[in-house]
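New to this one? Here is a quick briefing to read alongside the sequence and the 3D view.

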Amino acid sequence: MKKTGFADVLIGLQYGDEGKAKVIDLIADKYNIIARFNGGANAGHTIETSKGKIGLHQIPSGIFYEDKLLYIGSGCVINMVKIVEELDAIKKLDIDVTNRLFISDQASVIQPHHILVDILTAGEIGTTKNGIGPTYADKAMRMVNGRLVNIKLGELLDNPELFDQIEVNLERKIQKHNVKDVNVEKTMQELKQALKTITPFIQRDTLFLQKQVESGKTVLFEGAQSVMLDVTKGFVPYVTSSHTVAGAAFVGGDLSPKFHRKTIGVAKAIMSRVGNGPFVSEFGGRESEEYCMDGAKHNKDYEMSTYNVDKMLISSNPFEVGIALRLLGNEYGTTTKRPRRIGMLDLVQLSYAIKMNGVDEIFLNKCDLLVDFAKTKDKAIPLVTGYSLDKKEIDYVPASNTAYSKVSPIITKFPTFSDSIANIKSAARLPKQLQKLLQTIEKTTECKFLGIGTGSQREAYILF
Ligand code: GDP
Ligand code: IMO
Ligand code: MG
């Protein structure tokens with residue numbers, strides 16, 4: 001019998017930006033195809049190479065391997081104009097994705113009115129303003145008053161007159177919200193041109209990935225956003241609008257689940273969250289959330305010129321410690337430049353995400369940054385090791401915002417270490433304190449390590 005391939009799934013286990021792209025880039029060599037299955041340009045996936053840094057939004061993070069195919073599945077939503085921009089950025093790195101990039105013709109198009117509505121209405125949630133929610137909402141609506149609102153790439157290719165529908169959809173929203181500054185003609189021209197540019201990449205065979213795997217090819221699914229931002233499993237409304245969990249890979253990724261082999265979860269040792277919503281281990285709690293809500297106003301340049309990092313780090317005010325850790329960890333949105341909210345590693349949340357997704361191996365990024373805790377007032381690494389709700393300990397993340405807001409984190413302080421781990425290449429050479437901490441994480445989460453991150457560069461890692 002013919003030998004078939006398999007698919008591994010890599011997902012973020014926290015609130016996004018765990019360094020998924022770095023891990024994809026690290027292990028992509030072992031697979032034939034890197035495939036996205038959810039989200040769109042709301043994702044910001046960074047790979048830092050000696051030649052420079054690239055932030056990918058819609059194109060899978062396997063670009064550096066010339067022989068790997070890249071697939072964007074039907075569960076994704078497509079910003080055609082931004083894909084063209086990304087292709088240009090990739091070209092500047094001397095990388096060619098011709099005959100390598102395939103976009104499912106079943107993926108829905110992000111239409112200009114989706115972006116407009118997102119900009120006008122999603123401030124409360126703090127979305128990335130990429131039109132993600134409105135596009136997935138229209139995908140579910142399908143048709144409104146006889147107007148098609150879910151337009152798939154293949155449908156648009158086959159019926160170019162659907163551009164008129166897209167224009168009407170935009171005009172309607174402009175009128176409804178009394179918007180003055182949208183140049184409809186220019187917007188439509190850009191959209192039409194973008195479709196022309198990406199047409200060679202649009203895959204008309206709806207069984208493309210299935211056939212690849214049946215013929216022996218292997219796939220690495222690249223999750224965007226993360227478990228805690230899942231439209232169902234996260235804290236509604238402070239979530240994205242797609243399914244981010246491992247199972248979603250086999251819906252949005254256009255492959256039968258019978259090919260699933262293992263799931264890899266990526267987390268980071270100091271957590272972050274961008275956008276609003278619950279974050280129980282946040283340094284500075286509500287004060288930090290409100291400060292970060294101001295968005296790009298508190299960007300990196302602003303914080304560098306305003307705060308003294310050492311002074312903030314030693315402060316007894318957790319809000320200030322959070323600012324210092326953000327600066328040291330360079331935690332600013334790849335997509336939006338917003339300051340990311342910073343928090344302690346939350347082992348209850350991590351264990352929950354691992355259990356819920358059946359994660360087989362975990363990769364813990366940003367372990368290098370734990371050294372910063374040596375300069376804090378407590379000289380210790382604080383971790384959330386338990387949740388108390390109504391005076392009872394719980395071992396799961398409750399579903400409602402109301403219940404979650406009543407959770408008191410139980411914090412345990414672990415011994416820190418003071419030497420940089422940036423140049424260490426084997427687990428056995430890590431500081432004993434860090435080795436012990438990693439063992440505690442493994443024991444608590446009942447999940448083994450695939451590796452850890454020791455810096456932002458692509459070669460900064462240790463495999464276990
Ligand atoms: P993604 O969305 O999960 O792919 O993550 P992002 O690219 O949005 O954010 C992760 C950031 O952390 C990027 O700037 C990475 O270069 C950086 N990064 C990844 N791993 C490490 C690590 O181990 N240490 C440090 N210091 N930075 C890391
Ligand atoms: P990657 O793939 C972090 C957040 C937004 C907002 C919420 C909804 O880089 O990890 P959306 O634009 O999706 O409607 O915004 O989800 N968010 C992310 N946060 N990393 C991401 O992607 C995110 N994508 C969306 O900040 O809170
Ligand atoms: Mg990101």
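Which residue in β16 is the bridge partner of Ile264? That would be Glu361. Keep in mind that you're looking at a predicted model. Below is a tour of the sheet, the metal site, a helix pair and a few backbone oddities.

**The big picture: the sheet**

- There's an open sheet of 10 strands here, with mixed pairing. Reading across, the order goes β11-β7-β5-β2-β12-β1-β13-β16-β20-β21.
- The edges are β11 (202-203) and β21 (461-463), each of which pairs on one side only.
- β13 (residues 260-268) runs parallel to β1, and 5 bridges join them. One spot to look for is Gly12, whose bridge partner in β13 is Val266.
- β1 also pairs with β12 (residues 219-226), again in the parallel sense and over 5 bridges. Here, Val9 has Phe221 of β12 as its bridge partner.
- Strand β16 (residues 361-365) pairs with β13, also in the parallel sense and with 5 bridges.

**Inside β1**

- β1 is largely enclosed by the rest of the structure, because 6 of its 6 residues are buried.
- Ala7, Val9 and Ile11 point one way from the strand, while Asp8, Leu10 and Gly12 point the other way.
- That back-and-forth fits a general pattern: side chains in a regular strand alternate between the two faces of the sheet.

**At the edge: Gln203**

- Gln203 sits in strand β11, and with a relative accessible area of 15% it counts as buried.
- Phe102 is 101 residues away from Gln203 along the chain, yet their C-alpha atoms are separated by just 5.6 Å.
- Leaving aside residues up to four places away in sequence, Gln203 touches Phe102, Ile103, Ser104, Asp105 and Phe208.

**The magnesium ion**

- Ligand 3 is a magnesium ion, and its protein donors are Asp17 (through OD) and Gly44 (through O), at 2.0 to 2.2 Å.
- These two donors link distant parts of the chain, as they are 27 residues apart. Asp17 is in the loop between β1 (7-12) and α1 (20-27), whereas Gly44 is in the loop between β2 (33-36) and β3 (45-49).
- Asp17 is partly exposed, at 22% relative accessible area, while Gly44 counts as buried at 11%.

**Two helices that cross**

- Helices α10 (residues 285-293) and α13 (residues 318-329) pack at an angle of about 50°, and their axes are 9 Å apart. That angle makes α10 oblique to α13.
- The crossing of these two helices, α10 and α13, is right-handed.
- Where do they meet? Glu287, Ser288, Tyr291 and Cys292 of α10 meet Phe319, Ile323 and Arg326 of α13.

**Backbone oddities**

- Val236 and Pro237 are joined by a cis peptide bond, with omega at about 10°. You'll find Pro237 in the loop between β12 and α9 (249-252).
- Asp254 isn't a glycine, but it has a positive phi of about 60°. Asp254 lies in the loop between α9 and β13, and it counts as buried at 13% relative accessibility.
- Asp390 also has a positive phi, near 50°, and it isn't a glycine either. Asp390 is in the loop between β17 (380-389) and β18 (392-394).
- Buried or exposed: which is Asp390? Asp390 is exposed, with a relative accessible area of 58%.

Technical notes
Residues are numbered from 1 along each chain as its sequence is written. Chains are lettered from A and ligands numbered from 1 in the order in which they are written. This is a predicted model: local features need pLDDT of at least 70, side-chain atom pairs count only at pLDDT 80 or more; totals for chains, interfaces and linings use all residues. Side-chain values use heavy atoms; hydrogens and water are left out. Donors are N, O and S atoms within 2.8 Å of the metal (3.2 Å for Na, K and Ca); water is not among the atoms, so sites may look incomplete. Helices (H or I, at least four residues) and strands (E, at least two) are DSSP runs, numbered from the N terminus. Buried means under 20% relative accessible area, exposed over 50%, partly exposed in between (1.4 Å probe, protein chains only). Two strands pair if DSSP finds at least two bridges between them. Axes are lines fitted to C-alpha atoms, for helices over the stretch in contact, and angles run from 0 to 180 degrees between N-to-C directions. Angles under 35 degrees count as roughly parallel, over 145 as roughly antiparallel, 65 to 115 as roughly perpendicular and the rest as oblique. A crossing is left-handed if the near helix is turned anticlockwise from the far one by less than a right angle, and right-handed if clockwise. Contact means heavy atoms within 4.5 Å.
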